[in-house]
Amino acid sequence: MHPVRLLLISSVGIAVLVALLFGYFIHEPSSLPLFRSAAGAVTLSSLVMLVFLLPALGIYVWSLRSAAAVDRLTDGVRDVLRGETSRQVTVKLSSDEIQDLARSVDEMRQLIVRQQQSFEEQKALLSEIVGGLREGLLAINARKRVIFANGPVSSLFNLDGPVVGRSLVEVLRHETFLTAFDRALEGAESMERVSVYVGAEERRIESRVFPVGKSSEVAAIALFIDVTRIERLETVRRHFISDFLHESRTPLAGLRSAVESLDARPLELEAEKQLRHITQRQLGRLERLVRSLAELNSIESGDVILQPEATELAPLLEDVVAELDDALRAAGIRVNISGDATAFVDPMRTHQIFMNLIDNAIKHAGTDSIEVSVTQTDGEAITLVRDYGVGIPPGEQEKIFHRFHRMDKSRSQKVIGTGLGLAITKHLVLQHGGRISVESAGKGAVFEVRLPKRSSGVP
């Protein structure tokens, strides 16, 4: 039984007993001298008062201790509600009921602590996932204030300073994006693709904006994806298909014509020999085209593994010229090599680089000589391949390294080749960690190849 109840029942029992005794002594004369004198009456009254005060005092003391325990428990509950969950909720020297209540409150505190830890872990994981996205993620509230933005948003739109807390129009100054957010606030999803200029660089940004439930603090979320490279690759793919069809159409037409001529009627020996020669030449052209495409694809995909070593360039260039001796004699061209340097390169692939460059120079030489000079700086070996042909217009100087590019496609039959040599050359130079460029002012062109003299960490 609860102590307070026990004290109260005891007090009632004592009061009833005292009342019965007083009633008895009042109606019956007592032989005891204690009850005949005034002092005795006072003494009896004092004892009666004391008897009544003791249970009341006990109840008062117990009530104070219980009230103090309840106050401590209330303070503990308030601390939990304020988020101060580090201290244990406990009360001492109190009733079992209050201690049971304190244990229940402390179990609730522990549950909140576990939930907070779980929430913080999930929040950290989500933040890590969102922060690791290469796409930009931005959220706004109903007042069009940014309440979340990951790092790529600042990078995509070249923003300075913190983004969170700013108005949407400060962050996204493009009308298309702002209109998309307006539609999202009205409950409609949208997807847009827009050109955004960051300095002189044009970026193609795709946005996907969608609304969030009205009960949430977040009103709309947008995902921004940089599709510049994807669109560029799509353009390259379309151009590649178009150029491949253009380059393969001529040899295929020649083969078809030769085969139809052979099947149409009996031919004289000389005519048949000439048609077979045409067939072999066009087949060889197709084979070179396919082989060059396969090689370029291997280089671009990283399947070609370089094996660099210290290589003297002058002897390597002399070997290239020796292999091209027949073509040089047929064109009446000589190659003059001067200087030397040592580069840290793959000899076989570097041989291929200069084979393509000198072969290209032979096709466009225009005169009877090609100049090849080798110099060096502290970190690079520099090779210049100079021809004295018609030159390259300024608008074409970067394009000539694109696959299948020709300055004048009507001359494709006059200059035999796959149109892939310079593209392969550029990728091989870049894979070595080097650089290649071309200059042409008026007559002739100079190709400059810079290769590292020491290991650049390129595989």
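## A tour from F447 outward

Select F447. Leaving aside neighbours within four places in sequence, F447 is in contact with L357, N360, T383, L384, V385, I392, I400, F401, L422, S437 and V438. Keep in mind that this is a predicted model.

Now widen the view. F447 is among the residues with the most contacts inside the largest nonpolar core, along with F354, L357, I358, I370 and V385. That core has 40 residues. Colour the elements that each supply at least two of them: helix 9 (313-323), helix 11 (347-363) and helix 12 (421-431), then strand 8 (342-345), strand 9 (369-376), strand 10 (380-387), strand 11 (435-439) and strand 12 (445-452). Helix 11 gives the largest share, 7 residues. In soluble globular proteins, nonpolar side chains tend to be buried together.

Another core lies apart from this one. It has 23 residues, and L138, F181, I205 and F224 are among them. Select those four to find it.

Next, go to N141. Look in the loop between strand 1 (136-140) and strand 2 (146-149). Is N141 buried or exposed? N141 counts as buried, because its relative accessibility is 7%. Show its side chain. A polar atom there lies 3.0 Å from the backbone nitrogen of R143. The backbone nitrogen of R145 is 2.9 Å from a polar atom of the N141 side chain. Then look further along the chain. The C-alpha atoms of N141 and V218 are 4.8 Å apart, although 77 residues separate them in sequence. Beyond four places in sequence, N141 is in contact with I147, L185, E217 and A219.

Time for charges. The whole structure holds 15 salt bridges. Start with R193 and E231, whose side chains meet at 3.1 Å, N to O. This pair links distant parts of the chain: R193 sits in strand 3 (residues 190-198) and E231 in helix 7 (residues 228-264). R193 is partly exposed at 39% relative accessibility, and E231 is partly exposed at 22%. Add R204, E206 and R208 to the selection; with R193 and E231 they are linked in a network of salt bridges.

Two more pairs are worth a click. E192 and R183 form a salt bridge at 2.8 Å, N to O. E192 is partly exposed at 24%, and R183 at 29%. R450 and E448 form another, at 3.2 Å, N to O.

Finish on the surface. Which residues form a nonpolar patch there? Select L57, Y60, V61 and L64. Together they have about 400 Å² of accessible area. L57 is found in helix 2 (residues 38-81).

Conventions: Residues are numbered from 1 along each chain as its sequence is written. This is a predicted model: local features need pLDDT of at least 70, side-chain atom pairs count only at pLDDT 80 or more; totals for chains, interfaces and linings use all residues. Side-chain values use heavy atoms; hydrogens and water are left out. Patches are made of residues with over 30% relative accessible area and no salt bridge: like charges are joined within 9 Å, nonpolar side chains (Val, Leu, Ile, Met, Phe, Trp, Tyr) within 5 Å. Accessible areas come from the Shrake-Rupley method with a 1.4 Å probe; for residues, only the protein chains shown count as cover. A salt bridge is a side-chain nitrogen of Lys or Arg within 4 Å of a carboxyl oxygen of Asp or Glu. Helices (H or I, at least four residues) and strands (E, at least two) are DSSP runs, numbered from the N terminus. Buried means under 20% relative accessible area, exposed over 50%, partly exposed in between (1.4 Å probe, protein chains only). Contact means heavy atoms within 4.5 Å. A polar contact is a pair of N or O atoms within 3.5 Å; within protein, one must be able to donate a hydrogen and the other to accept it, and residues adjacent in sequence count only if both atoms are side-chain atoms. A nonpolar core is a set of buried Ala, Val, Leu, Ile, Met, Phe, Trp, Tyr and Cys residues joined through side-chain atoms within 4.5 Å.
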